[in-house]
Amino acid sequence: MKIRAKITGVAAYVPDYILSNAELEKMVDTTDEWITTRTGIKQRHILKGEGLGTSHMAVEAVKELLQKTRTQAEEIDLIICATTTPDFVFPATANLIAHAIGAKNSFSYDVQAACSGFLYALSAGAQYIETGRYNKVLIIGADKMSSIVDYKDRTTCIIFGDGAGCVLLEPTEQEEGIIDFILQSDGIGQQHLYQKAGGSRRPPTIETVTNREHFVYQEGATVFKYAVTYMADTTYTLMKKHQLKAEDIAWLCTHQANKRIIEATAQRAGLPNEKVMITIDKYGNTTNATIPLNLRDYEKQLKKGDKILFATFGGGFTWGAMYAIWAYDGSKVS
Ligand code: UT7
């Protein structure tokens, strides 16, 4: 019997501080009305506190996950952390998380695929389970986007928020869990969405800092066009491959970059609004944390056997879709 990887628990963490649209109106030339109609965002959470990085939020989420799934940190075989805002250039944030939670028997590494990192990491984690090599794999998506957002740039600062989420993957021999995925990338996207300096091509200098080159640079309208086309096309292709009709699908769980992109994907898949997970209004775009934040917020409504489509698009460009059958009743989770 084929071994598949199933998600057996989800957890997430967002920091307390809420940056509302009203607050942003005082910081840059924008309005609540513009932000709401163009993106669907009402507020985002921001991590405050000296010396706190992405791993801080990830550790909080993982602690909750271990408690919910009654898992000991020593039982974890592997930790993969998807992040675009690691605590340090090196070592990997996953290493720091493993140390902080006491996952002494695991190895750990980061995945960098911008906003698509969580699905990339989930697909990688699933392979280690499917081969029979490991039994408990922790997949984390976490970002402190506020550390690379220019709060003087109205085109980007209204979009992003901070947060972390995680899932536990375990083996199953049933027809459930992660069934299939299509993941893609194309480096042509680099020029449209990236951080200009701070990497090995343009190491930090006084000049790069003065020129504000350590922040997110995005050509929003161009990225929007690619996102709508690629995310919707890939989701549709995956549905076709598995002969899935809209009525077969219980939920669409996508990356939360813009409500209009999510709606376009849902429309292409023929899915009504009530089947689409939306959390962008509360958290904004938390990059790698959007998908696990969705799962945490909708967990109570998820039922064993629910067919879920995941979809994502991010810098790189990176994009893809995943088809999974949910393996437990969320309403029974305490
Ligand atoms: O998560 C990874 C991938 N990222 C994405 O998927 C993001 C994709 N892009 C988007 O979501 C959208 O392009 C944005 C939300 C970033 C921007 O929305 P848009 O509808 O594409 O607006 P735009 O960039 O075409 O700008 C339209 C107008 C411009 O003014 P003019 O040139 O028409 O006079 C902007 O200057 O809106 C202006 N504008 C703003 N106005 C008020 C841009 N940002 C703001 C703002 N408040 N915050």
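This note goes through the ligand site, the two sheets and the backbone geometry of a predicted model.

1. The structure is a predicted model, and the points below should be read with that in mind. Residue numbers count from 1 along each chain as its sequence is written.

2. The ligand is surrounded by 24 residues, and of these Thr30, Arg154, His255, Asn258 and Asn285 come nearest. Sorted by class, the shell around the ligand consists of 11 nonpolar, 9 polar and 4 charged residues.

3. Three contacts to nitrogen atoms of the ligand can be checked directly in the coordinates. A polar atom in the side chain of Thr30 lies 2.7 Å from a ligand nitrogen, while for Arg154 the atom concerned is a backbone N or O, placed 2.9 Å from a nitrogen atom of the ligand. Gln218 contributes through its side chain, where an N or O atom is 3.1 Å from a nitrogen atom of the ligand. On its own the ligand has 960 Å² of accessible area, and the protein covers 72% of that area.

4. As to where the shell residues sit in the fold, at least two of them are supplied by each of helix H2 (32-39), helix H6 (154-157), helix H8 (220-241), helix H9 (259-269) and strand S12 (307-314). The largest share belongs to H8, with 4 residues. Both domain 1 (4-178) and domain 2 (179-332) take part, since the shell draws at least three residues from each of them.

5. One open sheet is built from 5 strands in the order S1-S7-S6-S4-S5, and its pairing is mixed. Its edges are strand S1 (4-13) and strand S5 (107-111), each of which pairs on one side only. On average, neighbouring strands of this sheet are turned by 20° against each other when direction is ignored. Within the sheet, strand S4 (residues 78-82) and strand S6 (residues 137-144) run parallel and are joined by 5 bridges; a register check can use Ile80, whose bridge partner in S6 is Ile139.

6. A further open sheet has 4 strands in the order S8-S13-S12-S11, again with mixed pairing. Here the edge strands, each pairing on one side only, are strand S8 (177-185) and strand S11 (251-254), and the twist from one strand to the next averages 15°. S8 and S13 run antiparallel and share 8 bridges, and in this pair Ser185 stands opposite Thr318 of S13. Strand S12 belongs to this sheet and also supplies at least two residues of the shell around the ligand.

7. Two peptide bonds deserve a look, because most peptide bonds are trans. The bond from Phe90 to Pro91 is cis, with omega near 0°, and Pro91 has its place in the loop between S4 and helix H4 (93-101). The bond joining Gly316 and Phe317 is likewise cis, with omega about 0°; Phe317 lies in the loop between S12 and strand S13 (318-325).

8. Finally, there is a point about a backbone torsion. Most residues other than glycine have a negative phi. Arg70, which is not a glycine, has a positive phi of about 50°, and Arg70 is found in the loop between helix H3 (54-68) and S4.

Terms used
This is a predicted model: local features need pLDDT of at least 70, side-chain atom pairs count only at pLDDT 80 or more; totals for chains, interfaces and linings use all residues. Side-chain values use heavy atoms; hydrogens and water are left out. A residue is near a molecule or strand if one of its heavy atoms lies within 4 Å of it. A polar contact is a pair of N or O atoms within 3.5 Å; within protein, one must be able to donate a hydrogen and the other to accept it, and residues adjacent in sequence count only if both atoms are side-chain atoms. Accessible areas come from the Shrake-Rupley method with a 1.4 Å probe; for residues, only the protein chains shown count as cover. Ala, Val, Leu, Ile, Met, Phe, Trp, Tyr, Cys and Pro count as nonpolar, Asp, Glu, Lys and Arg as charged, and the others, Gly among them, as polar. Domain bounds come from an automatic or database domain assignment. Two strands pair if DSSP finds at least two bridges between them. Axes are lines fitted to C-alpha atoms, for helices over the stretch in contact, and angles run from 0 to 180 degrees between N-to-C directions.
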